[in-house]
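Biologist: I would like to go through this chain one point at a time. Please put it on the screen, and then we can start.

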Amino acid sequence: MGVTVEQFDAAGATAEDIASLKELVYRERIVVLKGQDISAAEFVELGRRFGKPEVYYEPMYRHPEHEEIFVSSNVATADGRVGVPRTGEFWHADYQFMPRPFGLTMVYPQVVPAQERGTYYIDMAKAYQRLSPELREKVDGTVARHSARRYFKIRPSDVYRPIQDVLEDIERKTPPVSHPTVFEHPVTGEPVLYISAAFTYAIEGREDDLVTELLTESGQLDASFEREDIHLQFLHKGDLLIWDNRALVHRARHADTSEPAASYRITVHDEHPFHPALAERPATVAP
Ligand SMILES: [Fe+2]
């Protein structure tokens, strides 16, 4: 899975270059721009050329000067701030728990540990194709429920607060949302099985354990990460990854050592509705 692009020049890229890169992301799922050396501001500029950046709803993840950048980091900056460490260590699609997720995720590692840094991916369009006809029939036309509640990270400001108050905050700020369990990818036309182990907790109107069955079939409950359909993408200094946040679920693979690690992320809404049912929904940015 994925393609590598050499000698991409962010400053000199034409509109046609960006359009063909996007096309590549939709067809190949992951594009790795090699040898990038750009500032945080230039990363934001590049993100804007791909779409409308979504600022992460939880302020503790935001870059102090560029709110569009989500920072995953265990490294202290000069002013003593440390980012949020070990983010995304569970199968998920970004913003799946929000009413209007975004199409593209861009990640630009800043400090890459020598060992083990990487991201696992599963192609959920291919996962749908692998389902038995019986299971496809069961899932087609259904609606899945998603929530951030199980993987919400406790903020420094929540220390000493009653857990019930924190849980109520989560439900108020990010109430559960519904999305079609299978939708047609707006660019490739493929059906995508849009569920994740972290955020999807039910399929509406189904009492059975259909979610668990689908997660098992897709590989998201495999603890060995050795299935052929799980792709491990290693990250190197200078890599800038862009991936299709509709078709892929991903899971960070953090080093077990205490080596420094830091990464910037920008997420953008492209020009297509996230899924067909959102074509009519107004393009407001989630809170
Ligand atoms: Fe993520």
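Modeller: A term first: two strands pair if DSSP finds at least two bridges between them. Helices (H or I, at least four residues) and strands (E, at least two) are DSSP runs, numbered from the N terminus. Residue numbers start from 1 along each chain, as its sequence is written. The model is predicted: local features need pLDDT of at least 70 and side-chain atom pairs count only at pLDDT 80 or more, while totals for chains, interfaces and linings use all residues.

Biologist: Over how many bridges do strand 6 and strand 14 pair?

Modeller: G118 stands opposite R253 in strand 14. The two strands belong to an open sheet of 3 strands, ordered 12-6-14 with antiparallel pairing. Strand 6 and strand 14 are antiparallel, and the number of bridges between them is 6.

Biologist: Which strands stand at the edges of the sheet ordered 12-6-14?

Modeller: The order of this open sheet is 12-6-14. Each edge strand has a single partner, so one side of it is left without a neighbour in the sheet; the two are strand 12 (231-234) and strand 14 (248-253).

Biologist: In the open sheet with the order 8-7-11, by what angle are neighbouring strands turned against each other on average?

Modeller: This sheet has 3 strands with antiparallel pairing, and strand 8 (177-180) and strand 11 are its edges, each pairing on one side only. Axes are lines fitted to C-alpha atoms, for helices over the stretch in contact, and angles between N-to-C directions run from 0 to 180 degrees. With direction ignored, the average turn between neighbouring strands is 35 degrees.

Biologist: Which residue in strand 11 does A144 stand opposite?

Modeller: Strand 7 (residues 143-146) and strand 11 run antiparallel and are joined by 3 bridges. Across from A144, the residue in strand 11 is I203.

Biologist: What is the bridge partner of M106 in strand 15?

Modeller: Strand 5 (residues 104-111) has 6 of its 8 residues buried, where buried requires 20 or more other C-beta atoms within 10 Å of the residue's own, exposed 12 or fewer, and partly exposed lies in between, with C-beta atoms placed from the backbone. Strand 5 pairs with strand 13 (residues 240-244) over 4 antiparallel bridges, V107 having L241 as its partner there. Strand 5 also pairs with strand 15 (residues 262-269) in the antiparallel sense, over 7 bridges. In strand 15, M106 is matched with I266.

Biologist: Which residue in strand 15 stands opposite S72?

Modeller: In strand 4 (residues 70-73), F70 and S72 point one way, V71 and S73 the other way, and all are buried. Strand 4 is antiparallel to strand 15, with 4 bridges between them. The residue opposite S72 is S263.

Biologist: Why are the buried residues of helix 6 on the same side of the helix?

Modeller: Helix 6 (residues 210-218) has V211, L214, L215 and S218 buried. The arc is that of the directions from the helix axis to the C-beta atoms. These residues sit on the same side of helix 6 because the arc they cover is only 100 degrees.

Biologist: How many residues does the largest nonpolar core have?

Modeller: A nonpolar core is a set of buried Ala, Val, Leu, Ile, Met, Phe, Trp, Tyr and Cys residues joined through C-beta atoms within 7 Å. Y128 is among the residues with the most contacts inside the largest core; leaving out residues up to four places away in sequence, Y128 touches V182, P191, V192 and L193. The number of residues in the largest core is 56.

Biologist: Is Y95 buried or exposed?

Modeller: Y95 is in the loop between strand 4 and strand 5. Phi of Y95 is positive, near 60 degrees, in a residue other than glycine. Y95 has 24 C-beta neighbours inside 10 Å, so the class is buried.

Biologist: And Q7, buried or exposed?

Modeller: Q7 lies in the loop between strand 1 (3-5) and helix 1 (15-28). Q7 is not a glycine, yet it has a positive phi of about 60 degrees. With 7 other C-beta atoms within 10 Å, Q7 is exposed.

Methods:
Two residues are in contact if their C-beta atoms, placed from the backbone, lie within 7 Å.
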